[in-house]
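Subject: Structure handover

Hello,

Here is the structure for you to look over. My notes follow below it.

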Amino acid sequence: MADAVRAIFDGHIVLDRRTAEAGRYPAIDVLRSLSRVAPGCYGDRERALVERARRLMRAHADAAELIQLGAYRRGGDPLLDEAIRVRPALEALLAQGIGERSTIGKGIDRVAAALGSDGLAGAD
(Lines give C-alpha, C1' and ligand atoms only; values in the text may rest on other atoms or scores of the structure.)
Protein backbone atom coordinates (compact mmCIF):
# COMPACT_ATOMS: atom_id res chain seq x y z
CA MET A 1 0.00 0.00 0.00
CA ALA A 2 2.79 2.46 0.91
CA ASP A 3 4.47 1.87 -2.46
CA ALA A 4 1.19 2.51 -4.26
CA VAL A 5 0.70 5.79 -2.38
CA ARG A 6 4.29 6.85 -3.16
CA ALA A 7 3.73 6.14 -6.85
CA ILE A 8 0.55 8.19 -6.88
CA PHE A 9 2.03 11.17 -5.01
CA ASP A 10 5.46 10.86 -6.64
CA GLY A 11 7.33 11.23 -3.35
CA HIS A 12 7.13 10.83 0.39
CA ILE A 13 7.99 12.53 3.66
CA VAL A 14 9.67 10.42 6.33
CA LEU A 15 9.14 11.41 9.96
CA ASP A 16 11.83 10.49 12.47
CA ARG A 17 11.18 9.74 16.15
CA ARG A 18 14.74 10.70 17.22
CA THR A 19 14.33 14.10 15.56
CA ALA A 20 11.07 14.63 17.44
CA GLU A 21 12.66 13.48 20.69
CA ALA A 22 15.43 16.05 20.10
CA GLY A 23 12.70 18.71 19.92
CA ARG A 24 12.85 19.65 16.23
CA TYR A 25 9.47 19.93 14.57
CA PRO A 26 8.35 19.01 12.06
CA ALA A 27 10.42 15.88 12.67
CA ILE A 28 11.15 15.27 8.99
CA ASP A 29 14.11 13.13 8.00
CA VAL A 30 15.18 15.27 5.06
CA LEU A 31 17.70 12.74 3.75
CA ARG A 32 15.18 9.90 3.61
CA SER A 33 12.32 12.03 2.27
CA LEU A 34 12.11 12.16 -1.50
CA SER A 35 10.28 13.87 -4.31
CA ARG A 36 10.91 13.07 -7.93
CA VAL A 37 9.20 16.26 -9.08
CA ALA A 38 10.72 18.82 -6.66
CA PRO A 39 13.98 19.29 -8.62
CA GLY A 40 11.94 20.29 -11.66
CA CYS A 41 10.19 22.99 -9.62
CA TYR A 42 13.44 24.81 -8.82
CA GLY A 43 15.46 27.21 -10.90
CA ASP A 44 19.15 26.41 -11.45
CA ARG A 45 20.36 28.36 -8.38
CA GLU A 46 17.66 26.91 -6.12
CA ARG A 47 18.37 23.36 -7.28
CA ALA A 48 22.11 23.86 -6.67
CA LEU A 49 21.44 25.23 -3.15
CA VAL A 50 19.16 22.34 -2.20
CA GLU A 51 21.59 19.77 -3.62
CA ARG A 52 24.49 21.41 -1.75
CA ALA A 53 22.57 21.44 1.54
CA ARG A 54 21.59 17.79 1.11
CA ARG A 55 25.18 16.82 0.22
CA LEU A 56 26.47 18.52 3.38
CA MET A 57 23.75 16.96 5.51
CA ARG A 58 24.61 13.53 4.08
CA ALA A 59 28.34 14.03 4.74
CA HIS A 60 27.58 14.92 8.37
CA ALA A 61 25.16 12.00 8.80
CA ASP A 62 27.70 9.54 7.37
CA ALA A 63 30.39 10.73 9.80
CA ALA A 64 28.13 11.43 12.81
CA GLU A 65 29.53 8.56 14.86
CA LEU A 66 33.13 9.64 14.26
CA ILE A 67 32.25 13.23 15.13
CA GLN A 68 30.44 12.23 18.33
CA LEU A 69 33.34 10.04 19.43
CA GLY A 70 35.83 12.82 18.72
CA ALA A 71 37.60 10.63 16.18
CA TYR A 72 37.26 13.15 13.34
CA ARG A 73 39.83 15.92 13.23
CA ARG A 74 39.22 19.16 11.39
CA GLY A 75 41.12 19.36 8.11
CA GLY A 76 40.70 15.69 7.24
CA ASP A 77 37.91 16.29 4.71
CA PRO A 78 36.94 19.76 3.42
CA LEU A 79 33.35 18.69 2.70
CA LEU A 80 32.91 17.30 6.20
CA ASP A 81 34.54 20.38 7.72
CA GLU A 82 31.96 22.53 5.96
CA ALA A 83 29.15 20.14 6.93
CA ILE A 84 30.13 20.49 10.60
CA ARG A 85 30.33 24.28 10.27
CA VAL A 86 26.87 24.71 8.70
CA ARG A 87 25.02 22.00 10.62
CA PRO A 88 23.64 24.30 13.37
CA ALA A 89 22.27 26.73 10.77
CA LEU A 90 20.72 23.91 8.71
CA GLU A 91 19.13 22.37 11.82
CA ALA A 92 17.69 25.77 12.76
CA LEU A 93 16.37 26.15 9.21
CA LEU A 94 14.55 22.83 9.45
CA ALA A 95 12.73 23.76 12.68
CA GLN A 96 9.34 25.40 12.31
CA GLY A 97 7.21 26.83 15.07
CA ILE A 98 3.50 26.18 15.36
CA GLY A 99 1.70 28.67 13.15
CA GLU A 100 4.93 29.77 11.46
CA ARG A 101 4.46 30.34 7.74
CA SER A 102 6.94 30.65 4.92
CA THR A 103 7.21 30.63 1.16
CA ILE A 104 9.48 28.73 -1.19
CA GLY A 105 11.40 31.96 -1.87
CA LYS A 106 11.95 32.62 1.84
CA GLY A 107 12.97 29.01 2.35
CA ILE A 108 15.54 29.17 -0.43
CA ASP A 109 16.90 32.45 1.01
CA ARG A 110 17.25 30.72 4.39
CA VAL A 111 19.10 27.80 2.80
CA ALA A 112 21.52 30.22 1.12
CA ALA A 113 22.05 32.06 4.41
CA ALA A 114 22.62 28.78 6.28
CA LEU A 115 25.25 27.75 3.76
CA GLY A 116 26.94 31.16 3.99
CA SER A 117 28.12 33.61 1.34
CA ASP A 118 26.07 32.96 -1.79
CA GLY A 119 25.25 29.46 -0.52
CA LEU A 120 27.28 27.83 -3.24
CA ALA A 121 30.79 28.57 -1.99
CA GLY A 122 32.77 25.35 -1.96
CA ALA A 123 30.32 23.67 -4.34
CA ASP A 124 31.89 20.89 -6.34
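**Overall layout**

Along the sequence, the protein runs in the pattern α-β-α-β-α-α-α-α. Please keep in mind that this is a predicted model. In total there are six helices and two strands. The protein has 124 residues, and 26% of them count as buried. Take the contacts between residues at least 6 apart in sequence: 59% of these join residues at least 24 apart.

**Helices H4 and H5**

Start with this pair. H4 covers residues 44–69 and H5 covers residues 78–94. Their axes come within 8 Å and cross at roughly 110°. Angles of 65 to 115 degrees count as roughly perpendicular, and H4 and H5 are therefore roughly perpendicular to each other.

Which residues meet here? On the H4 side they are Arg-52, Ala-53, Arg-55, Leu-56, Met-57, Ala-59, His-60, Ala-63 and Ile-67. On the H5 side they are Leu-79, Leu-80, Glu-82, Ala-83, Ile-84, Val-86, Arg-87, Leu-90 and Leu-94. The residues of this contact divide into 13 nonpolar, one polar and four charged.

Two leucines of H5 deserve a look.

- Leu-79 sits in helix H5. Leu-79 is partly exposed, at 25% relative accessibility. Beyond its neighbours within four places in sequence, Leu-79 is in contact with Arg-52, Arg-55, Leu-56 and Ala-59. Leu-79 and Leu-56 are 23 residues apart along the chain, and their C-alpha atoms are separated by 6.9 Å.
- Leu-90 also belongs to helix H5. Leu-90 is buried, at 4% relative accessibility. Setting aside neighbours within four places in sequence, Leu-90 is in contact with Ala-53, Met-57, Ala-114 and Leu-115. From Leu-90 to Leu-56 the C-alpha distance is 9.5 Å, and the two are 34 residues apart in sequence.

Leu-56 thus appears in both leucine entries: 6.9 Å from Leu-79, and 9.5 Å from Leu-90, C-alpha to C-alpha.

**Salt bridges**

How many salt bridges are there? The count comes to eight. Here are some of them.

Arg-24 and Glu-91 meet through their side chains, at 2.9 Å from N to O. Arg-24 lies in the loop between H2 and strand E2 (34–35), while Glu-91 lies in helix H5, so this pair ties together parts that are 67 residues apart in sequence. Arg-24 is buried, with a relative accessible area of 11%. Glu-91 is partly exposed, at 24%.

Glu-91 has another partner. The side chain of Arg-87 forms a salt bridge with Glu-91, at 3.5 Å from N to O. Arg-87 and Glu-91 are four residues apart in helix H5, so about one helical turn separates them. Arg-87 is partly exposed, with a relative accessible area of 37%.

Put these together: Arg-24, Arg-87 and Glu-91 are linked in a network of salt bridges. Arg-87 is also among the H5 residues that meet H4.

Another salt bridge joins Asp-44 and Arg-47. Their closest N and O atoms are 3.2 Å apart. Both residues lie in helix H4, three residues apart, which is about one turn of the helix. Asp-44 counts as exposed, at 63% relative accessibility. Arg-47 counts as partly exposed, at 24%.

**A buried aspartate**

One acidic residue has no such pairing. Where is Asp-16? It lies in the loop between strand E1 (11–12) and helix H2 (17–21). Asp-16 is buried yet has no salt bridge. Arg-18 is the nearest side chain of opposite charge, 4.4 Å away. A salt bridge needs the nitrogen within 4 Å of the carboxyl oxygen, so Asp-16 and Arg-18 are not counted as a pair. Leaving out neighbours within four places in sequence, Asp-16 is in contact with Ala-27 and Asp-29.

**Where to look**

For a quick pass, begin with the crossing of H4 and H5, at roughly 110°. Then follow the network of Arg-24, Arg-87 and Glu-91. Finish at Asp-16, buried and without a salt bridge.

Best wishes

Terms used:
Residues numbered from 1 in each chain as written. Predicted model: local features only at pLDDT ≥ 70, side-chain atom pairs only at ≥ 80, totals over all residues. Heavy atoms only, no water. Axes fitted to C-alpha atoms, helices over the stretch in contact; angles between N-to-C directions. Parallel < 35°, antiparallel > 145°, perpendicular 65-115°, else oblique. Contact = heavy atoms within 4.5 Å. Nonpolar A, V, L, I, M, F, W, Y, C, P; charged D, E, K, R; others polar. Buried < 20%, exposed > 50% of the residue type's maximum accessible area, 1.4 Å probe, protein only. Lys, Arg positive; Asp, Glu negative; His and termini not counted.
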